[in-house]
Amino acid sequence: MNYTKAKIYNMALKNLRVSVSIQNTNQTDKNTLVLNEFYDSAREQVLKDFDWNFASSYRELSLTGDIPQNPKYLYEYDYPNDCVFVREIVPYTQLNIIEFEVAASSSGNKVINTNITPVVIRYTKSIENETFFSSEFVMAFCWYLAFLAAPSITGNRSIQMDCFNVYTSILAKAKAINASEGYSASSETCSWLDER
């Protein structure tokens, strides 16, 4: 299913028990203005809250040319502009887990510090085009958007907490669905090991 911002707004309004729907996101009514205010923050937070398959991306990082402020690390890399959350540095072997930190450089830019070079990260990309959203993400997103907008639209803290509770339960279900998509050799076990 293709989603639009207006469809997500209307789903959020229904979650808030508001029967008035909107036609487009350029309207100047109170509900649309409030949802416009919270939309990007809500989208980014829901992307951060879970490692969504549709937003997973890989990138080789560029060195900043500076020395990390944290002496524990040898290399400082630019933080990608489209990155919402760094999930991992992709290891060269199956057994390595590579330590890193996200920090601020001496010039105040967001950077990634680690002890290896070169570096490829797996990260959650900032996806803005609603047609790429999965249905599980949209369900979670419209409940979280409703949670943020509830005080301004309904003034009802009880509805706000209901929205947050539904968001967390939908997020848990979406995580289970999302995790079952794909294949990982590490999830296989040998039958002779199970018998031991």
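## Strands that pair up

Let's start with two strands, β4 and β5. Strand β5 covers residues 110-114, and β4 and β5 pair in the antiparallel sense over five bridges. Along that pairing, A104 sits opposite K110 in β5. Keep in mind as you look around that this is a predicted model.

The β4 and β5 pair belongs to an open sheet of three strands, with the order β2-β5-β4 and antiparallel pairing. Which strands are at the edges? They are β2 (75-78) and β4 (100-104), and each of these pairs on one side only. From one strand to the next, the twist averages 35°. As a bit of background, strands of a sheet pair through backbone hydrogen bonds, in either a parallel or an antiparallel way.

There's another pairing to find. Strand β3 (residues 83-89) and strand β6 (residues 120-125) also pair in the antiparallel sense, over five bridges. Here V86 stands opposite Y123 in β6. Is β3 mostly covered or mostly uncovered? Mostly covered: five of its seven residues are buried.

## The whole chain

Now zoom out. The protein chain has five helices and six strands. Walking along from the N terminus, you meet the elements as α-α-β-β-β-β-β-β-α-α-α.

How much of the chain is buried? Of its 196 residues, 38% are. The chain exposes about 11,500 Å², and carbon and sulfur atoms supply 50% of that. As for contacts with a separation of 6 or more, 70% of them involve residues 24 or more positions apart.

## The cores

In soluble globular proteins, nonpolar side chains tend to be buried together. In this model, the largest nonpolar core has 40 residues, and L16, W52, F141 and L145 are the ones with the most contacts inside it. Which helices supply at least two residues each? They include α1 (5-15), α2 (30-49), α3 (135-153) and α4 (157-179). The largest share, 14 residues, comes from α3.

Apart from this core lies another one, made of eleven residues, among them Y79, V86, I112 and V119. You've already met V86, the residue opposite Y123 in β6.

## Helix α1 and what follows

Time for a closer look at α1. Its buried residues are A6, I8, Y9, N10, A12, L13 and N15. After the helix comes R17, whose phi is positive, near 65°.

## Three residues worth clicking on

Try F141 first. Setting aside its neighbours within four places in sequence, F141 is in contact with I8, Y39, A42, R43, V46 and F133. One of these partners, I8, is also on the list of buried residues in α1.

Next is V138, in helix α3. Buried or exposed? V138 counts as buried because its relative accessibility is 0%, and the cut-off for buried is under 20%. Leaving out neighbours within four places in sequence, V138 is in contact with Y3, I8, M11 and F133. Take Y3: V138 and Y3 are 135 residues apart in sequence, yet their C-alpha atoms are 8.1 Å apart in space.

Last comes N31, which you'll find in helix α2. With a relative accessible area of 14%, N31 is buried too. Beyond its neighbours within four places in sequence, N31 is in contact with L13, V18 and I153. Of those partners, L13 is one of the buried residues of α1.

## Two cysteines, no bond

A disulfide is a covalent bond between the sulfur atoms of two cysteines. How many does a search of the whole structure find? Zero.

Why isn't the sulfur of C142 bonded to the closest cysteine sulfur? That closest sulfur is in C163, 9.2 Å away, so it is too far for a bond. For comparison, the cut-off for a disulfide is a pair of sulfur atoms within 2.5 Å. Looking from the other side gives a matching picture: for C163, the closest cysteine sulfur is in C142, at 9.2 Å. Both are tucked away, too: C142 counts as buried at 1% relative accessibility, and C163 is buried with a relative accessible area of 1%.

Note on methods:
Residues numbered from 1 in each chain as written. Predicted model: local features only at pLDDT ≥ 70, side-chain atom pairs only at ≥ 80, totals over all residues. Heavy atoms only, no water. Core = buried A, V, L, I, M, F, W, Y, C linked by side-chain atoms within 4.5 Å. Buried < 20%, exposed > 50% of the residue type's maximum accessible area, 1.4 Å probe, protein only. Helix = DSSP H or I, 4+ residues; strand = E, 2+ residues; numbered from the N terminus. Contact = heavy atoms within 4.5 Å. Pairing = 2+ DSSP bridges. Axes fitted to C-alpha atoms, helices over the stretch in contact; angles between N-to-C directions. Areas by Shrake-Rupley, 256 points an atom, 1.4 Å probe, with all protein chains shown as cover.
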